[in-house]
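Please examine the sequence and the model shown below. The paragraphs that follow lead through its salt bridges, its pocket and its surface.

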Amino acid sequence: VSGRELMIEQNRLLALADGATDEAAAAIAERARELFDAILAGAAVDEVRTRTRALAEAQSGRELEEEELRQLDAQVEEAASSRFRDLLAHDPRPDLERLRMPVLALCGDKDAQVSSRQNLPAIEAALQKGGNTRVQVRELRGLNHLLQPCVTGSVQEYAVIDTTFAEAALEAIRTFVSEHGASD
């Protein structure tokens, strides 16, 4: 999906993984949508700053302190950049449609950064639309964005999980490579 779509859902899922209610997570996603739409429309830095602050306050559930506001200003410069606007606008589907090699797409069902439910069907549809028949799309149960076993999928869990990469993900890769050949 587009960077915009992905990041709106990412904000919602990260909020849920960090314990937000469905209602609060939906409000955060709406603030993210407003911010990203403003950036895509070429909003001035002041508007991006205002919308970024609203999103950060929605995420934290409180008004930001002075030090947090200073840190946020550095993020605003990045958010207002053409590089970030290009990321939001990019839609990978046409690129996927052109792939002709075997493709294995793996995603953990607890991935809060790239939603398996949002992205795996879109990846598969784009590959099939392009005529690629050597495609395997798999959602791996209980795994996060780094394909580690996890509890919530929160980014904060990454550093405290002992497993670097789940055996189920390694097995999926081994099986796919053995079925499609390393030189295919």
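**Salt bridges, a pocket and a patch**

In this predicted model, glutamate 9 and arginine 12 form a salt bridge whose closest N and O atoms are 2.7 Å apart. Both residues belong to helix H1, where three residues, about one turn of the helix, separate them. Glutamate 9 is buried because its relative accessible area is 17%, under the limit of 20%. Arginine 12, at 27%, is partly exposed.

Side chains of opposite charge can pair when their charged atoms come close. A second pair consists of aspartate 37 and arginine 4, with 2.5 Å between the closest N and O atoms. Aspartate 37 lies in helix H2 and arginine 4 in helix H1, so this salt bridge ties together parts that are 33 residues apart in sequence.

Arginine 141 and aspartate 109 also meet in a salt bridge, at 3.1 Å from N to O. Both lie in loops, and the pair ties together parts that are 32 residues apart in sequence. Arginine 141 is exposed, at 61% relative accessibility, whereas aspartate 109 is buried, at 12%. Elsewhere, salt bridges that share partners join Asp46, Arg49, Asp73 and Glu77 into one network. The count comes to 20 salt bridges.

The largest pocket has a volume of about 710 Å³. Its lining comprises 28 residues, and helices H1, H2, H3 and H4 each supply at least two of them. By class, 17 lining residues are nonpolar, eight polar and three charged.

On the surface, Phe165, Leu170, Ile173 and Val177 make a nonpolar patch of about 270 Å². Isoleucine 173 is located in helix H8 and is partly exposed, at 32% relative accessibility.

Conventions. Residues numbered from 1 in each chain as written. Predicted model: local features only at pLDDT ≥ 70, side-chain atom pairs only at ≥ 80, totals over all residues. Heavy atoms only, no water. 1 Å grid on protein atoms, 1.4 Å probe; cavity = no way out; pocket = protein on both sides within 12 Å on 5 of 7 lines; lining within 4 Å. Points joined across faces, edges and corners; volume = space filled by probe spheres on them. Helix = DSSP H or I, 4+ residues; strand = E, 2+ residues; numbered from the N terminus. Nonpolar A, V, L, I, M, F, W, Y, C, P; charged D, E, K, R; others polar. Patch = residues over 30% accessible without salt bridge, like charges linked within 9 Å, V, L, I, M, F, W, Y side chains within 5 Å. Areas by Shrake-Rupley, 256 points an atom, 1.4 Å probe, with all protein chains shown as cover. Salt bridge = Lys/Arg side-chain N within 4 Å of Asp/Glu carboxyl O. Buried < 20%, exposed > 50% of the residue type's maximum accessible area, 1.4 Å probe, protein only.
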